[in-house]
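Trainee: Could you take a close look at a single helix-helix packing and tell me how it is put together? I would like the background of the whole chain first, and then the geometry and the residues involved.

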Amino acid sequence: MSNQTTKKSIHDGHRERVRENVLKNGFEQLEDHRLLELLLFYSIPRGDTNELAHRLLNEFGSLSCVLKASPKKLMKVSGIGEGSAIYLSAMGELCVRAMREKSSKRVSYKSDES
C-alpha cells in the first residue's frame, strides 16, 4: 500500500488568511476586489470568489456600481446566484441607509430606560 499525500493548493487557507488580515490590519487596506471577495465568502461557501469579484468589478465598473445593481442584473454575471445577488444588493442598500442616517443625524433609537 502506498503512502498517499494530499496535494495542497496555493488556495488552501486563503479565506482564513484574508479574514486574519482584516482582523490584524482593518478593512481600509483592502483593495476593492478583495473587499468584494470577502463579502462573497459569506454567500458562496466554496469556490474561487477572487475571480468572481474581478468579474463583477469588470462588468459593473466599480464597487459602488456592483452594490447598486439590482439582483436581476447581478445574476446575469456567471457565478452569481440568487442568494449572492440578494446579499450584495442588500449590502448596497445597507450602505445607502447608513449614509442617509449619518447625513440626517437621526435621533437615536436607544431608550433612556435600561
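**One helix pair in its setting**

Mentor: Of the contacts in the chain with a separation of 6 or more, 34% join residues that lie 24 or more positions apart, and, like everything that follows, this value is computed from a predicted model. The chain has six helices and zero strands, giving the pattern α-α-α-α-α-α when it is read along the sequence. Of its 114 residues, 27% are buried, while the exposed surface comes to about 9000 Å², with 53% of that area supplied by carbon and sulfur atoms.

Now to the part itself. Two packed helices are described by the angle between their axes and the distance between the axes. For helix α2, residues 32-41, and helix α3, residues 49-60, the axes come within 8 Å and cross at roughly 120°. Because angles of 65 to 115 degrees count as roughly perpendicular and those over 145 as roughly antiparallel, α2 is oblique to α3. The crossing of these two helices is right-handed. On the α2 side, the contact is made by Asp32, His33, Arg34, Leu36, Glu37, Leu40 and Phe41, and α3 contributes Thr49, Asn50, Leu52, Ala53, His54, Leu56 and Leu57. Sorted by residue class, the residues of the contact between α2 and α3 comprise seven nonpolar, four polar and three charged.

How values were computed
Residues are numbered from 1 along each chain as its sequence is written. This is a predicted model: local features need pLDDT of at least 70, side-chain atom pairs count only at pLDDT 80 or more; totals for chains, interfaces and linings use all residues. Side-chain values use heavy atoms; hydrogens and water are left out. Helices (H or I, at least four residues) and strands (E, at least two) are DSSP runs, numbered from the N terminus. Buried means under 20% relative accessible area, exposed over 50%, partly exposed in between (1.4 Å probe, protein chains only). Contact means heavy atoms within 4.5 Å. Accessible areas come from the Shrake-Rupley method with a 1.4 Å probe; for residues, only the protein chains shown count as cover. Axes are lines fitted to C-alpha atoms, for helices over the stretch in contact, and angles run from 0 to 180 degrees between N-to-C directions. Angles under 35 degrees count as roughly parallel, over 145 as roughly antiparallel, 65 to 115 as roughly perpendicular and the rest as oblique. A crossing is left-handed if the near helix is turned anticlockwise from the far one by less than a right angle, and right-handed if clockwise. Ala, Val, Leu, Ile, Met, Phe, Trp, Tyr, Cys and Pro count as nonpolar, Asp, Glu, Lys and Arg as charged, and the others, Gly among them, as polar.
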